[in-house]
Amino acid sequence: LRFKRLLLTGAAGGLGRELRQRLPHYCETLRLSDIADLGSAGPREEVMPARLEDAPAVLQLLEGVDAVVHLGGVSTEQPWEPILQANIVGIYNLYEAARKQGVKRVLFASSNHVTGFYRQDEVIDARDPMRPDGLYGLSKAFGESLSRFYWDRYGIQTVCLRIGSSFPEPRNRRMLATWMSYDDLERLVVAALTAPVVGHSIIFGISDNHTRFYDNTYGAHIGYRPQDSSEPFRAKVEAGEPVLDMNDPANVYQGGPFVRTGPFE
Ligand code: 15L
């Protein structure tokens, strides 16, 4: 148990529910937050619902925590207003709270949609310019830049996890490249929490897939070693999607359907 208290935001979401099960192995107390129902606190859990746009609530949330796994916020393409509140105002509140409470490490659940407008025939790394594929991707790009500022200015370390597609199984051809298993998600989070020096780092969250859009050279110091692969699902996925319409931008760009979601008015 390396940490006294970890904070997990977005704990009621798809990945939050997985990490709620897994993070207690690494800390004495796991503090859980979300706006959705989290049920009651289990052993060694603390439940603290909070809206990310509520600065005083977020300040309280970070009191007495060693590190934050920040999955909270909007996780899909949506109209501007909810993204503005949860992902832009929210990330500012989170880092202001980290600064005031002396929290020195944050894992920020960024997304492959920060670079979604690269094509699927390109392989990119963490130093390639951002090319957000929508308002959601833009908000994650803002979070990455904001976290870099809090590192440069205040010495708060962040690992930006540009998560691909973390589901029980890859659901389509694109996800053969972007998929990350839940076990690999745990490996990535634990590596990013425990690597001695991370400064401000960016790493793509994918399993050890054969097909890939991302080169993790510049995240090598984090020591993430994925053990799973989308390959065992390939036959099933290809049978379900035998022909790809190459006039559909979702099949051309790395961001998939996010590149054509919206506008909303
Ligand atoms: C994301 O950022 C979403 O949070 C997730 O629901 C998936 O859609 C994923 O990207 C993806 O690109 O597959």
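A residue counts as near a molecule if its C-beta atom, placed from the backbone, lies within 6 Å of it. Keep that in mind for the ligand stop on this tour of a predicted model.

**Stop 1: the ligand**

Select the ligand and the residues near it. Which residues surround the ligand? You should find Ser75, Thr76, Ser111, Asn112, His113, Ser165, Thr178 and Gly256. Now colour this shell by residue type: 8 are polar, while no nonpolar and no charged residues appear.

**Stop 2: the whole chain**

Zoom out and switch to a cartoon view. The chain has 7 helices and 9 strands. Its radius of gyration is 18 Å, close to the 18 Å that the globule rule gives for 265 residues, so the chain is as compact as a globular protein of that length. Along the principal axes, the C-alpha atoms fill a box of roughly 50 × 40 × 35 Å. Of the 265 residues, 44% are buried. Among contacts with a separation of 6 or more, 68% link residues 24 or more positions apart.

**Stop 3: helix 1**

Next, select residues 14–22, which form helix 1. Show the side chains of Leu15, Leu19 and Arg20 and mark Gly16 as well; these four residues are buried. Why do they sit on the same side of helix 1? They cover an arc of only 140° around the axis, and that puts them on one and the same side. To see what covers them, add strand 1 (3–9), strand 2 (27–33), strand 4 (67–70) and helix 6 (182–194), which are included in the cover.

**Stop 4: the nonpolar core**

Head for the largest nonpolar core, which has 65 residues. Leu8, Val68, Leu107 and Leu161 are the ones with the most contacts inside this core. Helix 3 (residues 80–101) gives the largest share of the core, 8 residues.

Centre the view on Val68. Leaving aside neighbours within four places in sequence, Val68 is in contact with Leu7, Thr9, Leu62, Ala98, Val103, Val106 and Leu107.

**Stop 5: two residues in one loop**

Go to the loop between strand 2 and strand 3 (45–47), where you will find Arg44. Asp34 lies in the loop between strand 2 and strand 3 too. Is Arg44 buried or exposed? Arg44 has 12 C-beta neighbours inside 10 Å, so it counts as exposed. A residue with 12 or fewer such neighbours is exposed, and one with 20 or more is buried. Asp34 is buried because 23 other C-beta atoms lie within 10 Å.

Check the backbone of Arg44 as well: its phi is near 65°, a positive value in a residue other than glycine. Then show the residues that Asp34 touches beyond four places in sequence: Gly10, Ala11, Ala12, Gly16, Pro49 and Gly72. Gly16 is also one of the buried residues of helix 1.

**Stop 6: the segment after helix 7**

Finally, move to the segment after helix 7 and select Tyr253. Tyr253 has 23 C-beta neighbours inside 10 Å and therefore counts as buried. Where do its contacts lie? Not counting residues up to four places away in sequence, Tyr253 touches Gly116, Phe117, Tyr118, Arg119, Gln120, Asp133 and Val259. Try a distance label too: the C-alpha atoms of Tyr253 and Thr115 are separated by 9.5 Å, although these residues are 138 residues apart along the chain.

Pro263 has its place in the segment after helix 7 (234–240) as well. Look at the bond joining Gly262 and Pro263: this is a cis peptide bond, with omega about 0°.

Technical notes. Residues are numbered from 1 along each chain as its sequence is written. This is a predicted model: local features need pLDDT of at least 70, side-chain atom pairs count only at pLDDT 80 or more; totals for chains, interfaces and linings use all residues. The radius of gyration is taken over C-alpha atoms; the globule rule is 2.2 Å times the number of residues to the power 0.38. Two residues are in contact if their C-beta atoms, placed from the backbone, lie within 7 Å. Ala, Val, Leu, Ile, Met, Phe, Trp, Tyr, Cys and Pro count as nonpolar, Asp, Glu, Lys and Arg as charged, and the others, Gly among them, as polar. The arc is that of the directions from the helix axis to the C-beta atoms. A nonpolar core is a set of buried Ala, Val, Leu, Ile, Met, Phe, Trp, Tyr and Cys residues joined through C-beta atoms within 7 Å.
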